[in-house]
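Reader: I would like a close look at one part of this model. Please keep it brisk and tie the pieces together.

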Amino acid sequence: SLLVMSSSLFGQGNLGGLSGFVRDTTGAEIRGAKLTLTNLANNLRQEAQSDAEGFTFRALAPGDYRLEAEATGFK
C-alpha cells in the first residue's frame, strides 16, 4: 500500500499549491510514483511524478481536490 504525505500547502494571491512525499507503510520513500490531482468541481486533472524531492502541484485554484497515487508493485 501507498501513503501520500503532504508536507506543505502554500499560496499566493488566489492560487495555492500542494507538495509532499510518497511513502510506503514502513515510511520508506517511493520515487517514481505517478500522482494525479483532480479538481472535483470541474474535473480538471494535473499529473506529477515523485522524485528525490517529493512532488509539487502549483497554481491551484481554491476548491476540493482528490489526490491519487500509483506505483509499480503497490496496490
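Leaving aside neighbours within four places in sequence, which residues is Thr 36 in contact with? Start there and work outwards.

Author: A caution comes before the details: this is a predicted model.

Take the contacts of Thr 36 in two groups. One group is Arg 45, Gln 46 and Glu 47. The other is Arg 66, Leu 67 and Glu 68. Neighbours within four places in sequence are left out of this list. Thr 36 itself sits in strand 3. Its relative accessibility is 7%, so Thr 36 counts as buried, the limit being under 20%.

Now the sheet around that spot. Three strands form an open sheet in the order 4-3-6. The pairing is antiparallel. Strand 4 (45-49) and strand 6 (65-70) are the edges. Each has a single partner strand, so one side of each has no neighbour in the sheet. On average, neighbouring strands here are turned by 20 degrees against each other, with direction ignored.

Look next at the pairing of strand 3 with strand 4. Five bridges join the two, in the antiparallel sense. Lys 34 faces Gln 49 of strand 4 across this pairing. Leu 35 has Ala 48 of strand 4 opposite. The hairpin made by strand 3 and strand 4 has five residues between the strands. In that hairpin Asn 43 adopts a positive phi near 65 degrees.

A salt bridge also joins this pair of strands. Glu 47 and Lys 34 meet through their side chains at 3.6 Å, N to O. Glu 47 belongs to strand 4 and Lys 34 to strand 3, so the bridge ties together parts 13 residues apart in sequence. Glu 47 is exposed, at a relative accessible area of 57%. Lys 34 is partly exposed, at 35%. In general, side chains of opposite charge can pair when their charged atoms come close.

Arg 45 comes next. Arg 45 lies in strand 4. With 55% relative accessibility, Arg 45 counts as exposed, whereas Thr 36, which Arg 45 touches, counts as buried at 7%. Arg 45 also touches Leu 37, Thr 38 and Glu 68, once residues up to four places away in sequence are set aside. Arg 45 and Arg 66 are 21 residues apart in sequence. In space, their C-alpha atoms are 9.4 Å apart.

Arg 45, Arg 66 and Glu 68 are linked in a network of salt bridges. Within this group, Arg 66 bridges to Glu 68, with the closest N and O atoms 3.6 Å apart. Arg 66 counts as partly exposed at 38% relative accessibility. Glu 68 counts as partly exposed too, at 35%. Thr 36 is in contact with each of the three: Arg 45, Arg 66 and Glu 68.

The salt bridges come to four by count. One of them pairs Arg 31 with Glu 29, whose closest N and O atoms are 3.2 Å apart. Arg 31 counts as exposed at 57% relative accessibility. Glu 29 is partly exposed, with 31% relative accessible area.

Then there is the nonpolar side of the picture. The largest nonpolar core has 11 residues, including Leu 35, Leu 37 and Ala 48. Others in the core include Leu 18, Val 22, Phe 55, Phe 57 and Leu 60. Strand 2 (15-24), strand 3 (34-39) and strand 5 (55-60) each give at least two residues to this core. Strand 5 supplies the largest share, three residues. In soluble globular proteins, nonpolar side chains tend to be buried together.

Two of these core residues lead back to the part you asked about. Leu 35 stands opposite Ala 48 of strand 4, and both are core members. Leu 37, also in the core, is touched by Arg 45.

Last, the wider chain. It has six strands and zero helices. Along the sequence the pattern reads β-β-β-β-β-β. Of its 75 residues, 28% count as buried. Among contacts with a separation of 6 or more, 48% join residues 24 or more positions apart. The accessible surface of the chain is about 5,100 Å². Carbon and sulfur atoms account for 48% of that surface.

Note on methods: Residues are numbered from 1 along each chain as its sequence is written. This is a predicted model: local features need pLDDT of at least 70, side-chain atom pairs count only at pLDDT 80 or more; totals for chains, interfaces and linings use all residues. Side-chain values use heavy atoms; hydrogens and water are left out. A nonpolar core is a set of buried Ala, Val, Leu, Ile, Met, Phe, Trp, Tyr and Cys residues joined through side-chain atoms within 4.5 Å. Buried means under 20% relative accessible area, exposed over 50%, partly exposed in between (1.4 Å probe, protein chains only). Helices (H or I, at least four residues) and strands (E, at least two) are DSSP runs, numbered from the N terminus. Two strands pair if DSSP finds at least two bridges between them. Axes are lines fitted to C-alpha atoms, for helices over the stretch in contact, and angles run from 0 to 180 degrees between N-to-C directions. Contact means heavy atoms within 4.5 Å. Accessible areas come from the Shrake-Rupley method with a 1.4 Å probe; for residues, only the protein chains shown count as cover.
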